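Subject: Structure handover

Dear colleague,

Here is the structure I said I would pass on. My notes on it follow below.

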Amino acid sequence: MSDSIAVPTHWYNIAGDLPVAPPPHLHPGTREPIAADDLAPLFASGLIEQELSTETDIEIPEPIREVYGTYRTTPLIRARSFEKALATPARIYVKYEGVSPVGSHKVNSAVAQAYYNSIDGVAKLTTETGAGQWGSALAFACAKFGIDLEVWQVRASYDSKPYRRFLIETYGGTVHPSPSELTEAGRKVLAELPDTPGSLGIAVSEAVEVAIGDAAARYTLGSVLNHVVLHQTVIGLEAVDQLRAAGETQADVVFGCAGGGSNLAGLAFPFIREVLRDRADTRIVAVEPAACPSITQGEYRYDHGDIVGLTPLLKMHTLGQDFIPDPIHAGGLRYHGMAPLLSHTVELGYVRGQAVEQTDAFAAAVTFARAEGIVPAPESSHAIAAAAEYARSLSEPEVIVIGLSGHGQLDLPAYHSYLSGELG
Ligand SMILES: Cc1ncc(COP(=O)(O)O)c(C=O)c1O
């Protein structure tokens, strides 16, 4: 089905399309709207332009499209066996990003970020990673564009998910557990909390600190920011066309997991564009872990993206910059905030949040794996659980689209823990 759909030529920037403009990021010192120059020590110039852009359609440069073309379009799978297992009248479609080189959607932005840094002549990138999906995606992209990479991986995942660390190393990246003794931010946290499992907010501080201190280096973030969300819209742009090609007039509900918000926003925003054009009335559900419920329990306010306060202030749903979630298996969902653009669409009523317990996520993921053969990433499993619960509640047919952001082949120890009853 996906063969007849072309890889998009442009990303979709919802910031230029919403009835109310999203609140700007603020300078952490002056609290004035951030300017391109303020971001220059951190990010490549092409990415800064995208971060601040309100242009609706942004052309995808050819070198990026070339890499996209090696694994996109990704499949939109009609999950008939899963429908049967749930005994639902719903027609369930799964947009599967697990076919990318490292097994998740993260490659869509990693390739773009490495490309824009390479044309600025950046020699080294730094970043954080949770479960290791972003770190491995960026390591792959840096190998493609000839850039060195240093990754701070959240301690809990560094210990429990060694295979993603090995993958980063295989692509040529260097990985440190976070918090680490290598940065002031890391040393400060370790002095206060020597046994901390770490958090993405701490790892961001470490990676930003190193980038700021090295003129040849820049920082990259795997989620949250507008330019990351922008790159991920290839997912939804394809899915809207694929669903139409499958004979559906619209999606009734779209479910995606939300950590920093990039895969869900990337899938959902092109569906919201259909709503904005009065062509559909699709509802969007952002599924987050009960252990880190930023949309359903957090405040909507300006907050930093990291624990130290080095990043711009972002208007978002947040549990607070120093919130350290329990070490759940979905390491990529352990982030205290939510993408400002996604938070804004929640406030405007286009998206609602739902929190799911990790045991419910694994139960649904096991049902899905046994029906469809694909083992979902623990993060994606949260979307599957919420969608399954909704599908079971239906008495009339509806069209459901699930964002299956990655596969869980390297997360099998987590499945083993669940199946052997260790998760309660
Ligand atoms: C497979 C997968 N899905 C989802 C996420 C959550 O990130 P985001 O909300 O930015 O898509 C991650 C993060 O690492 C991930 O690895």
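The side chain of Q50 makes a polar contact with the side chain of H231, at 2.8 Å. Bear in mind that this is a predicted model. Q50 belongs to helix 2, residues 45–52, and counts as buried because its relative accessibility is 6%, under the 20% that sets the limit for buried residues. Leaving out residues up to four places away in sequence, Q50 touches W11, I58, Y116, H227, L230 and H231.

A second buried polar residue is worth a look.

K161 sits in the loop between helix 7 (155–160) and helix 8 (162–170). Its relative accessible area is 5%, so K161 is buried. Which side chain does the side chain of K161 meet in a polar contact? That of D411, at a distance of 2.7 Å. Neighbours within four places in sequence aside, the residues in contact with K161 are A131, Q153, H329, P378 and D411.

The parallel sheet

One open sheet has 4 strands in the order 7-6-5-8, with parallel pairing. Strand 7 (174–178) and strand 8 (217–219) are at its edges, and each of them pairs on one side only. From one strand to the next the twist averages 25°.

Strand 5 (residues 124–129) pairs with strand 6 (residues 148–154) over 6 bridges, in the parallel sense. Within that pair, T126 is opposite E150 of strand 6. On the other side of strand 6, 5 bridges connect it to strand 7, again in parallel, and W152 stands opposite H176 in strand 7.

Two helices pack on this sheet. Helix 8 touches strand 5, strand 6 and strand 7, and its direction makes about 145° with that of strand 7. Helix 10 (residues 200–212) touches strand 5, strand 6, strand 7 and strand 8; its direction makes about 170° with that of strand 5.

Strand 5 is largely enclosed by the rest of the structure, because 6 of its 6 residues are buried. K124, T126 and E128 point one way from the strand, L125, T127 and T129 point the other way, and all are buried.

The mixed sheet

Another open sheet has 6 strands, ordered 3-4-14-9-10-13, and its pairing is mixed. Strand 3 (76–78) and strand 13 (351–356) are the edge strands; each has a single partner strand, so one side of each is left without a neighbour in the sheet. Here the average twist from one strand to the next is 25°.

Strand 3 and strand 4 (residues 91–96) run antiparallel and are joined by 3 bridges. I77 is placed opposite V94 in strand 4. Helix 12 (residues 262–276) packs on this sheet and touches strand 4, strand 9 (253–257), strand 10 (283–289), strand 13 and strand 14 (399–404). The direction of helix 12 makes about 160° with that of strand 9.

Helix 14

How many of the 8 residues of helix 14 (residues 340–347) are buried? The count is 7, and the helix is mostly covered. The buried residues are P340, L341, L342, S343, H344, T345 and V346. They pack against helix 11 (226–245), helix 12, helix 13 (294–297), strand 11 (299–304), strand 12 (313–318) and strand 13. Helix 12 and strand 13, both named above for the mixed sheet, are thus among the elements that helix 14 packs against. Just after helix 14, G349 has a positive phi of about 90°.

The ligand

The ligand is surrounded by 17 residues, of which the closest are S223, G259, S262, N263 and S405. Polar atoms of the protein lie by oxygen atoms of the ligand in several places, including the following:

- H105: an N or O atom of its side chain is 3.0 Å from an oxygen atom of the ligand.
- G259: a polar backbone atom is 2.7 Å from an oxygen atom of the ligand.
- G261: a polar backbone atom is 2.8 Å from an oxygen atom of the ligand.

The ligand taken alone exposes 380 Å², and the protein buries 98% of that area.

Regards

Notes. Residues are numbered from 1 along each chain as its sequence is written. This is a predicted model: local features need pLDDT of at least 70, side-chain atom pairs count only at pLDDT 80 or more; totals for chains, interfaces and linings use all residues. Side-chain values use heavy atoms; hydrogens and water are left out. Two strands pair if DSSP finds at least two bridges between them. Axes are lines fitted to C-alpha atoms, for helices over the stretch in contact, and angles run from 0 to 180 degrees between N-to-C directions. Contact means heavy atoms within 4.5 Å. A residue is near a molecule or strand if one of its heavy atoms lies within 4 Å of it. A polar contact is a pair of N or O atoms within 3.5 Å; within protein, one must be able to donate a hydrogen and the other to accept it, and residues adjacent in sequence count only if both atoms are side-chain atoms. Accessible areas come from the Shrake-Rupley method with a 1.4 Å probe; for residues, only the protein chains shown count as cover. Buried means under 20% relative accessible area, exposed over 50%, partly exposed in between (1.4 Å probe, protein chains only).
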